[in-house]
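Hi,

Here is the structure I said I would pass on to you. Have a look at it first, and then read my notes underneath.

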Amino acid sequence: GFDNAIEVCSSEAPFSMRSRLLGTPQAGGTWTLAGNAVNDQFTPASGASGLYRYIVTGSSPCPNDTSFLTITLVQAPSAGTSGLFSVCSTAGSQDLFTHLGGTPGQGGTWTRPGSLPHSGQFIPGTDAGGIYTYTVAGQSPCANATATVTVTVQAAANPGTSGDTTLCSNGTSINLKNVLGTTATGTWTGPSTVTSNLYNPVSMNPGTYTFSIAA
């Protein structure tokens, strides 16, 4: 065969080096790297860059024939492994990078749902839940690497806003949830037992009544 020079990504599948020589090299030759014998099968994940020499033994009076394969190994990018998490809508900013698994490379870019650019800092209550994609650019011949973080936003419990009201001791019942401005379902605690969210000034004690809903 004839000499050739190739660039190989470290994530590429193993291949026969003889198949990467030019021409029609005969089978049955031997390979060396820096004088040391090596196999014809090259495994990019564990192989090394270098000048590989292929020798086919000649039959007298023909001499041996030699060709060279120069391999340049390019490290594949890593975006880590995909992850997911849930966050409360009132939580602070979340660094999406920390929710990737494996060993993601630095310096990648983020996109949010709809493939629009994103900073990588997820702000609950501002950013929508969904799939966020992290991309690390590959150097030719390696392709880009991507991983995703799926974010689920849980709405924070909203019991309304604390308030107060003044009633006549012989007045009619009121719905305490109207004082808070909420329609949520929850439970009341206070000086008297509250039934159906109603406060009756005739039969119930005044004071502070607390409305609680499950998160």
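Below is what I found, starting with the disulfide and moving on to a serine beside it in the sequence.

Before anything else, bear in mind that this is a predicted model.

The structure has one disulfide. It links C9 with C142, and the S to S distance is 2.1 Å. C9 sits in strand β1, while C142 is in the loop between β13 (130-136) and β14 (145-154), so the bond ties together parts that are 133 residues apart in sequence. The torsion about the S-S bond comes out at about 115°, so this disulfide is right-handed. Both C9 and C142 are buried.

There is also C88 to mention. Its relative accessible area is 32%, and it counts as partly exposed because that value falls between the 20% limit for buried and the 50% limit for exposed.

Now to S10. Where does S10 lie? You'll find S10 in the loop between β1 (4-9) and β2 (15-16). Is S10 buried or exposed? Its relative accessibility is 10%, and buried means under 20%, so S10 counts as buried.

What does the side chain of S10 reach? It gets to the backbone nitrogen of A76, at 2.8 Å. If you set aside the neighbours within four places in sequence, S10 is in contact with P44, A45, L73, V74, Q75, A76 and C142. So A76 turns up again in that list, and so does C142, the disulfide partner of C9.

Cheers

Notes
Residues are numbered from 1 along each chain as its sequence is written. This is a predicted model: local features need pLDDT of at least 70, side-chain atom pairs count only at pLDDT 80 or more; totals for chains, interfaces and linings use all residues. Side-chain values use heavy atoms; hydrogens and water are left out. Helices (H or I, at least four residues) and strands (E, at least two) are DSSP runs, numbered from the N terminus. Buried means under 20% relative accessible area, exposed over 50%, partly exposed in between (1.4 Å probe, protein chains only). A polar contact is a pair of N or O atoms within 3.5 Å; within protein, one must be able to donate a hydrogen and the other to accept it, and residues adjacent in sequence count only if both atoms are side-chain atoms. Contact means heavy atoms within 4.5 Å. A disulfide is a pair of cysteine sulfur atoms within 2.5 Å.
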